[in-house]
Amino acid sequence: MSATVRLTMAQALVRHLAAQQVHDEESGTLQPLFAGVFAIFGHGNVAGLGEALYRERERLPTWRAHNEQAMAHAAIAYAKAQMRRRMMAVTTSIGPGATNLLTAAALAHVNRLPVLLLPGDAFASRAPDPVLQQLEDAGDGTVSVNDCFRPVSRYFDRIVRPEQLLSALPRALHVLTDPALCGPATLALPQDVQAEAYDWPASFFAECVHAFRRTPPAGDALAEAAQALREARRPVLVAGGGALYAGAGEALRRFAETHGVPVAETQAGKGVLTWQHPLLLGPAGVSGATAANALLADADLVLAVGTRLQDFTTGSNALYRAARIVTLNVNGFDALKGGGVQVVADARLGLDALSAALGPWRTDTAWRTRAERAAADWRTIVDRVTGRREPPAGMLPYDGEVIGAVQRSRADSARGDIVVGAAGTLPAELEKLWRTETPGGYHMEYGYSCMGYEIAGGLGVKMAKPDREVVVMVGDGSYLMLNAEIATSVTLGRKLIVIVLDNRGFGCIDRLQQACGGAPFNNMLDDGAPAIDFAAHARAMGAEAEHVHDIAGLEQALQRARAAARTYLIAIDTDHRRTTAEGGCWWDVAVPEVSEREDVRAARRDYEAAMQKRSGSNPGKIHD
């Protein structure tokens with residue numbers, strides 16, 4: 001008879017997670033697949049899962065955070081920084097603890113990032129029904145708040161009997177480690193079932209080494225893609241996050257150089273090539289570079305590698321008006337979005353195979369020359385914008401000048417900082433201006449553009465890359481939404497440098513509002529609103545902090561921050577009206593058809609003209 005081990009469901013879950021291993025590609029050693037568990041305990045997880053985590057705390061560390069959404073953001077950022085090769089789990093109580101995870105679950109789903117969510121749930125037995133914090137549905141007795149996780153999870157299950165874990169947990173792990181399915185997995189855990197014992201097969205707790213297998217391209221799709229490229233005269237490769245997660249940087253560089261194909265980046269793909277590469281045009285789309293957008297507008301073929309072709313990348317499907325689309329993506333759903341040739345494959349294997357199929361083919365010399373000149377011109381623009389300078393007299397600095405000061409303060413240009421951002425004006429400015437030499441040096445959450453991700457995300461990045469300086473750049477609006485993990489970073493000894501750009505409100509939305517003809521309304525703080533002392537607030541959470549008044553003061557503060565032993569916050573007042581003028585393209589934001597205000601009617605006329613221009617493109621070429 002097979003050996004068994006009698007454990008509670010929670011003990012079995014934790015012991016199984018602790019047994020999961022993965023080969024670390026950098027060190028060549030075995031590492032735990034799960035680096036640990038973020039937990040905020042309450043009724044619904046403290047007795048069952050809490051005791052189980054204590055029992056395995058040496059093999060599977062548990063960390064306490066201050067906000068459930070934030071700790072899930074930290075776990076997701078950890079997985080992103082580890083290129084999805086390692087990950088974390090997150091557990092909460094029932095009720096608000098569980099629903100606080102929903103935003104983070106959606107963020108992980110949109111960004112194709114793995115995180116295991118373990119929210120507590122009401123009693124499966126229903127003996128004390130309704131328990132504290134339990135949602136009741138008069139029409140369905142099986143519903144709990146955790147059903148909200150279904151649309152934002154790549155895998156969802158509710159464990160109402162201990163033995164269900166034997167099938168549910170391997171399925172969840174498959175989703176978490178599969179490059180095509182990757183995203184959040186949720187196992188809702190009723191509190192009584194967590195505590196129930198079962199005789200588990202001992203094999204369930206044997207060490208398991210996960211292999212991240214690469215999907216090779218199908219021959220017919222590869223041949224079709226190669227033929228499409230041979231027929232193209234003006235191709236551009238757009239590199240997305242899938243290229244980074246596949247470790248395809250070298251393959252992409254070889255492809256670009258061998259065939260003379262210029263490269264543009266998405267937010268998630270930025271850093272797959274070093275910023276100095278002569279064929280790197282910079283970012284594509286709405287927050288893109290002049291070089292990338294000019295060549296994309298004239299391209300006759302776009303090779304989209306590992307990208308979802310989100311509207312910021314495509315200029316709301318108007319930028320690549322004349323281009324044929326070839327997609328190379330491990331996720332078949334994302335490969336469909338080009339409406340053209342689809343190669344479903346790992347980015348690294350796919351690029352190498354496509355290069356071999358192309359043989360000696362290269363783009364026209366004139367196209368390569370134009371690309372290299374445009375890329376060099378863009379680097380000159382970035383030099384100018386981020387060079388040492390103060391703003392015009394009487395004006396506050398803006399984001400580009402702050403970014404320049406941060407970059408100039410770096411001592412180690414070979415490895416550089418890891419910059420973390422998420423929402424507001426900063427994603428556009430950082431995508432244009434931040435320079436990174438290494439994959440992962442640019443960590444932007446822009447699939448969900450979630451305000452409040454920044455500081456928690458920075459914590460997760462620092463936990464993944466403790467030897468790198470992690471610089472979080474965050475606006476005052478995002479900071480005020482979610483900042484408590486500053487205290488967690490101090491508690492855990494994970495130092496961050498946090499730059500708060502205080503423009504007194506939601507500056508980017510104020511500009512968007514007025515660009516659409518709207519009157520300035522409900523976005524910026526007026527003179528009656530209190531001035532927030534962000535430095536004092538950060539010091540109250542245990543960080544070192546200061547407020548500076550200008551770029552010279554920022555540069556001096558950055559040196560102190562780099563020398564500090566714990567998290568250091570620098571606040572600086574900035575001008576929300578100034579942005580980097582170069583780059584960018586049209587973005588589809590619907591303007592009201594009817595308004596009593598002439599500014600709105602004028603904006604509507606401009607909007608209709610832009611829509612007419614887009615409708616003249618080849619419909620069906622890009623779908624998102």
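Helices, as counted here, are DSSP runs of H or I with at least four residues, numbered from the N terminus; the model they are read from is a predicted one.

**Exercise 1.** Find how many cavities of 30 Å³ or more the model holds, and state how much space lies in the largest cavity.

*Solution.* Begin with the count, which by the rule applied comes to 4 cavities of 30 Å³ or more. Then turn to the largest cavity, where about 700 Å³ of space lies.

**Exercise 2.** Describe the lining of the largest cavity, first by residues and then by elements.

*Solution.* The lining is made up of 50 residues, and those that lie nearest the centre of the largest cavity are N111, G241, G242, Y245 and G306. Next, look for the elements that give two or more residues to this lining, which are α3 (68-81), α5 (102-111), α6 (165-177), α9 (241-245), α12 (311-314) and β16 (324-329). Among these elements the largest share, 4 residues, is contributed by α9. Finally, sort the lining of the largest cavity by character, which gives 23 nonpolar, 15 polar and 12 charged residues.

**Exercise 3.** Carry out the corresponding description for the second largest cavity, starting from its volume.

*Solution.* The volume of the second largest cavity is about 140 Å³. Its lining has 17 residues, of which K270, W275, L280, W378 and W434 are the closest to the centre. Two or more residues of this lining come from each of the elements β14 (280-283), α15 (365-386) and α17 (426-433). Sorted by character, the residues that line the second largest cavity are 8 nonpolar, 3 polar and 6 charged.

Note on methods
Residues numbered from 1 in each chain as written. Predicted model: local features only at pLDDT ≥ 70, side-chain atom pairs only at ≥ 80, totals over all residues. Heavy atoms only, no water. 1 Å grid on protein atoms, 1.4 Å probe; cavity = no way out; pocket = protein on both sides within 12 Å on 5 of 7 lines; lining within 4 Å. Points joined across faces, edges and corners; volume = space filled by probe spheres on them. Nonpolar A, V, L, I, M, F, W, Y, C, P; charged D, E, K, R; others polar.
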